[in-house]
Amino acid sequence: MIIVIIAIIIAVIIVIIAVIIAIIAIVIIAIIIIVVIAIILIAIIILIVIIAVVVVIISIELTVYLWANAAANCKAVRQVVTNQRLVLGVICRSASIRVDSVEDFAYGAGIAVNHMDTRCKSPALPSEEVAARAETLVGSTDYSLLWNNCEHFVTHCRYGTPVSIQTDQFCEVVKTIIRDQRSVFVTAALGLAGMFWLGLGPSTTLPTILIPFLLWMAG
């Protein structure tokens, strides 16, 4: 009789241990699934942010271009700046420089003179030297919306120094946002909301701490 009772007790203990192990395994699997989902969501958010930044930069360039050519034929200008090659060039970070006639360059639109001579610190070079500089760059070249765009090409040819007023303005806006201490509180609030929604974990806790801290230090 005692042996039977002991056997029952041992069996119950084994069942309890098995149940506990199963619960722990389920909890671990659930945590792993949550972490994986959180990492995927963070990757998606980062991708969305990158796409948004690219869209903003493209929008700034298009806005400045259209503003400088406000007197031109807007429809024709839109056909030029929304050309598929422009989008592919931005994505592939590649561009081509070629010699065109004024008519082909305008593509049916009017041409407005952009008076950058009053905004650039360097004096304009002679016309022959400007043309010679442009001819030496004909062909394929690297392209970057921020560091090597069409305005860099123009200013390099005309003034001898590649600068982009559009890029400078964009960087000033980004610097203003970073230096604004409200960005710290906004990112911290978003991080806490993400922690509340996704739960505690390295993928939510670290960005919540690091991003506001880096913004605080940068500001």
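## Close-up views of a predicted model

**View 1. The stretch 7-34 is helical from end to end.** Over residues 7-34 the chain is 100% helix and 0% strand, and the C-alpha atoms at the two ends lie 40 Å apart. Please keep in mind that this is a predicted model. An unreviewed UniProt entry annotates residues 7-34 as "transmembrane region", and gives that annotation to residues 40-68 and 184-217 as well. Ile 8 belongs to helix α1, which spans residues 2-68.

**View 2. Isoleucines and valines build a nonpolar surface patch of about 960 Å².** Welcome to the outside of the protein. The patch is made by Ile 8, Val 12, Ile 16, Ile 20, Ile 24, Ile 28, Ile 32, Val 36, Ile 40, Ile 44 and Ile 48. Ile 8 makes a handy starting point for a look at accessibility: its relative accessible area is 49%, so Ile 8 counts as partly exposed, a class that ends at 50%.

**View 3. Cys 150 carries an annotation from a record.** UniProt places the feature "active site" at Cys 150, in an unreviewed entry. Within the fold, Cys 150 is found in helix α6, which covers residues 150-159. Is Cys 150 buried or partly exposed? With 44% relative accessibility, Cys 150 counts as partly exposed.

**View 4. His 152 is a buried member of helix α6.** Its relative accessibility is 9%, and the limit for buried is under 20%, so His 152 counts as buried. Which residues surround His 152, once its neighbours within four places in sequence are left aside? His 152 is in contact with Leu 146, Trp 147, Pro 162, Val 163, Ser 164 and Thr 167. One of these, Leu 146, returns in the nonpolar core of View 7.

**View 5. Thr 155 sits in helix α6 with 0% relative accessibility.** That value is why Thr 155 counts as buried. Leaving out residues up to four places away in sequence, Thr 155 touches Met 116, Gly 160, Thr 161, Pro 162 and Val 163. Pro 162 and Val 163 are also among the contacts of His 152.

**View 6. Arg 158 reaches a part of the chain that is far off in sequence: Asp 117 is 41 residues away.** Arg 158 lies in helix α6, and at 30% relative accessibility Arg 158 counts as partly exposed. The C-alpha atoms of Arg 158 and Asp 117 are separated by 9.3 Å. Arg 158 and Asp 117 do touch. Beyond residues up to four places away in sequence, the other contacts of Arg 158 are Pro 123, Ala 124, Leu 125 and Val 130.

**View 7. Six residues form the largest nonpolar core.** Its members are Ile 57, Val 90, Tyr 143, Leu 145, Leu 146 and Phe 170. If you centre the view on Ile 57, you will find it touching Leu 145, Leu 146 and Phe 170, not counting residues up to four places away in sequence.

**View 8. Arg 98 and Asp 100 form a salt bridge.** Side chains of opposite charge can pair when their charged atoms come close. For Arg 98 and Asp 100, the closest N and O atoms are 3.0 Å apart. Arg 98 has a relative accessibility of 54% and therefore counts as exposed, whereas Asp 100, at 38%, counts as partly exposed. How many salt bridges does a search of the whole structure find? The search finds two, and the next view turns to another pair.

**View 9. Arg 133 and Glu 129 meet in a salt bridge within helix α5.** The N to O distance is 3.6 Å. Both residues lie in helix α5 (residues 127-136), where they are four residues apart, about one turn of the helix. Arg 133 is partly exposed, with a relative accessible area of 23%, and Glu 129 is partly exposed too, at 33%.

**View 10. The whole chain gives the close-ups their setting.** The protein chain has nine helices and two strands, which run α-α-α-β-α-α-β-α-α-α-α from the N terminus on. Of its 219 residues, 19% are buried. The chain exposes about 15900 Å², with carbon and sulfur atoms supplying 75% of that area. Among contacts between residues at least 6 apart in sequence, 68% join residues at least 24 apart.

Methods. Residues are numbered from 1 along each chain as its sequence is written. This is a predicted model: local features need pLDDT of at least 70, side-chain atom pairs count only at pLDDT 80 or more; totals for chains, interfaces and linings use all residues. Side-chain values use heavy atoms; hydrogens and water are left out. UniProt positions are given in the numbering used here, feature names are shortened, and annotations may be inferred rather than shown by experiment. Buried means under 20% relative accessible area, exposed over 50%, partly exposed in between (1.4 Å probe, protein chains only). Patches are made of residues with over 30% relative accessible area and no salt bridge: like charges are joined within 9 Å, nonpolar side chains (Val, Leu, Ile, Met, Phe, Trp, Tyr) within 5 Å. Accessible areas come from the Shrake-Rupley method with a 1.4 Å probe; for residues, only the protein chains shown count as cover. A salt bridge is a side-chain nitrogen of Lys or Arg within 4 Å of a carboxyl oxygen of Asp or Glu. Contact means heavy atoms within 4.5 Å. A nonpolar core is a set of buried Ala, Val, Leu, Ile, Met, Phe, Trp, Tyr and Cys residues joined through side-chain atoms within 4.5 Å.
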